[in-house]
Amino acid sequence: MNKSGNNNELKGIRGSILTFKGNPFKESPERCCDFIKDGLIVIADGQITDVGEYQIVKDRNKTLDKIDVYQDSVIMPGFIDCHTHYVQSSIIGSFGDKLIDWLNQYTFPVESTFKDKHVAETAAKVFFRQILSHGTTTANVFATTFEESVDAFFEESMRYNTRMISGKVLQNRNVTRSLCDKSAEESVEITEQLLKKWHGKGRQLYAVIPRFAPTSTPRQLRLAGELYQKYIDCGVYLHSHLDESVEEIKWVSELFPYIQNYAEVYDCFGMLDRLTVMAHCCVVNEYEWQLLYEKNCAAIHCPSSNLFLGGGQFKYWEAIKQPRSVKVGMGTDVGGGTGFSIIRELADAYKVAMIGSHNLDAIHSLYMATRGGAEALNLDDKIGSIKPGYEADLAVINLTPDSFTSWRLNNTSDIFEKLFALISLSPDNLVSATYVAGHKVFDRADTSQFCYSPDCSD
Ligand SMILES: [Zn+2]
C-alpha cells in the first residue's frame, strides 16, 4: 500500500455530478437533486470549495491545474452505511438460521476471536477495502466486546482518514461467556475510556453500543444510557438493534415484563434521543413509531439482512408517514446482510418496497444512500452532499462497468433510467474510484487499488 498526493493543494474532479439538496420523499423529487452533465468539483484541505458547470467553475478557479477526469461516469457523494458489523465480515452467507440461533451459531463464535488484536486488525483491513471499493465512505459500525476490536477499527480508519462511527459492544448476559462483560460498571468504564480515546480524533466518532436489550442487564442499560446522556452534546451516538423479528420481541417482553413495548425499554434507560440509531425496526407498532419520532431517533433499513435472516420487513412508507416521519438510513448489516454494497441494498430495498406495493426510483434510492444517510446520522452539515464547505467524500459510478451492462444501458432514455438499471444489476465493479477527504483512496484501474491518506501519521 502506497501513499501519494498532497491534500493541501487545489484539486479538481471533472465528470457528471449527482447530488441532493433536499428530501424527495417530502418535496418535489426534481427540485431535490442536482444533476450536472459536465461538472467540476474543486477541493482544498479535504473539503469541497466549489462545484458547478465545468467551464464556469474552471474560470472561477484559475490556479486549478490538477484535474481527475471521469468519462461515462457519475460522481456522487460517498455512500453512507448506517448499520453494520465489521467483526462479522468472515461469516457473511452462513447457512440456515434465524436471528437468535444465527447469533449463537455463527456470530458469537467469530466475535470471540477478536480479543486477539491481530485478528481484529486483519478483519478491519478487509472491511475497509470492501466498503471503499463499493463507494462507502462513512459507516456506523459495531465492533465487539473487546477494546482490541475498537482500537483496530479506528486505527485503520485513521489511516484512510474516513469519517467513521464505532465503539465497544456492551453485553453482560445471554451471550457466550467469552464475550460477556465482567460487570456493568466495568464495561461502561471501559466504554468511557475508549470514547475519550477516539471520539473526535481526526474524523472518528464514538457510539455507545448495547448489542440489543436481551443481552444487557437493566443495570448495564441504565449505566449505558447515563453515559450516552453525559456525552450526547459532544456528538456521541447510541447505536443498537430494535424490533428485528417477532421472536426477538417476544424474548424482550419476557425479560422486561413490566415494559409494554420494546422501544420503551430503551427509552426508560435514557437511550432514545437525537443521536440514537436503531437498526432494523421491522416489526414496529404505532406507539413505537411515535416514540421514535418524538425522540428524533433514526431507523435503519437493512433489507438484505432482513431477507437473509427471514425476521421481518422494513416498512419504509410506514416509517416516514406524516406527521410523525422518522429519519431513515440504509444499512448493510454485515454479516446478516449479504454484502458490503449500499447500491446492492438499494436493489433489495426496491424489492421489499414492491412487496408492500410501493416502488423506489433512482432519485429516491440514491438520496437514501447519501444525504438520507447523513440526515439519519445527523451529519448532513458535513457529508452526504457535494456542496462547498462539505467534506470531499466521493464515489465515482462507472456507467460502463462491463460489456453487458453497457449494452443494457444503451436501451435507456435518460440518466435516471440508467442509474436505476445499474442499481438493479449492482455489478461488483460499479465504483471505479472513491475519494476520502479529497484524497483518492480507491482506484480500480490502479495496480495497488488502495491507498492510505497522505494525512495519516503511520
Ligand atoms: Zn446488526
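A residue counts as exposed if 12 or fewer other C-beta atoms lie within 10 Å of its own. S357 has 7 such neighbours within 10 Å, and is therefore exposed. The model examined here is predicted. S357 is found in the loop between α13 and α14 (362–369). Its phi is positive, at about 65°, although S357 is not a glycine.

The protein as a whole contains 17 helices and 18 strands. Its radius of gyration is 21 Å, close to the 23 Å that the globule rule gives for 458 residues, so the protein is as compact as a globular protein of that length. Along the principal axes, the C-alpha atoms fill a box of roughly 65 × 50 × 40 Å. Of the 458 residues, 54% are buried. Contacts also reach far along the chain. Among those between residues at least 6 apart in sequence, 74% join residues at least 24 apart.

Two domains are assigned: domain 1 (2–77 + 385–452) and domain 2 (79–340). Their C-alpha centres lie 30 Å apart. At the boundary, 13 residues of domain 1 are in contact with 14 residues of domain 2. Strands β16 (431–436) and β17 (439–443) each supply at least two residues of the side of domain 1 that touches domain 2. That side of domain 1 divides into nine nonpolar, two polar and two charged residues.

The largest nonpolar core holds 138 residues. I41 and A298 have the most contacts inside this core. Domain 1 and domain 2 each contribute at least three residues to the core. Another core, of six residues, lies apart from it and includes L99, W102, Y106 and L309. Leaving aside neighbours within four places in sequence, A298 is in contact with C82, T276, V277, M278, K327, V328, G329, A376 and L377.

Helix α4 covers residues 117–133. At 1.5 Å a residue, its 17 residues should span 24 Å; the end C-alpha atoms are 24 Å apart, which agrees. The buried residues of α4 are A120, A123, A124, F127, F128, I131, L132 and S133. An α-helix has 3.6 residues a turn, so residues three or four places apart point the same way. The cover over the buried residues of α4 includes β6 (79–85), β7 (136–142), α5 (147–160), β16 and β17. Strands β16 and β17 also supply residues to the side of domain 1 that touches domain 2. Just after α4, G135 takes a positive phi of about 85°.

A second helix, α7 (residues 218–231), contains A224. A224 is buried, with 25 other C-beta atoms within 10 Å. Beyond four places in sequence, A224 touches L170, V188, V208 and P210. A224 and L238 are 14 residues apart in sequence, with their C-alpha atoms 8.8 Å apart in space.

R274 occupies the loop between α9 (262–268) and β12 (276–280). R274 is partly exposed, with 13 other C-beta atoms within 10 Å. Outside its neighbours within four places in sequence, R274 is in contact with N296 and N378. R274 and L205 are 69 residues apart along the chain, and 15 Å separates their C-alpha atoms.

Several backbone features remain. The peptide bond from Q322 to P323 is cis, with omega near 10°. P323 is found in the loop between α12 (316–319) and β14 (327–330). A cis peptide bond also joins V334 and G335, with omega about 5°. G335 lies in the loop between β14 and α13 (342–355). D72 has a positive phi of about 50°, although it is not a glycine. D72 sits in strand β5 (residues 67–77). With 14 other C-beta atoms within 10 Å, D72 is partly exposed.

Terms used: Residues are numbered from 1 along each chain as its sequence is written. This is a predicted model: local features need pLDDT of at least 70, side-chain atom pairs count only at pLDDT 80 or more; totals for chains, interfaces and linings use all residues. Helices (H or I, at least four residues) and strands (E, at least two) are DSSP runs, numbered from the N terminus. The radius of gyration is taken over C-alpha atoms; the globule rule is 2.2 Å times the number of residues to the power 0.38. A residue is buried if 20 or more other C-beta atoms lie within 10 Å of its own, exposed if 12 or fewer, and partly exposed in between; C-beta atoms are placed from the backbone. Two residues are in contact if their C-beta atoms, placed from the backbone, lie within 7 Å. A nonpolar core is a set of buried Ala, Val, Leu, Ile, Met, Phe, Trp, Tyr and Cys residues joined through C-beta atoms within 7 Å. Domain bounds come from an automatic or database domain assignment. Ala, Val, Leu, Ile, Met, Phe, Trp, Tyr, Cys and Pro count as nonpolar, Asp, Glu, Lys and Arg as charged, and the others, Gly among them, as polar. The expected span of a helix is 1.5 Å times one less than its number of residues.
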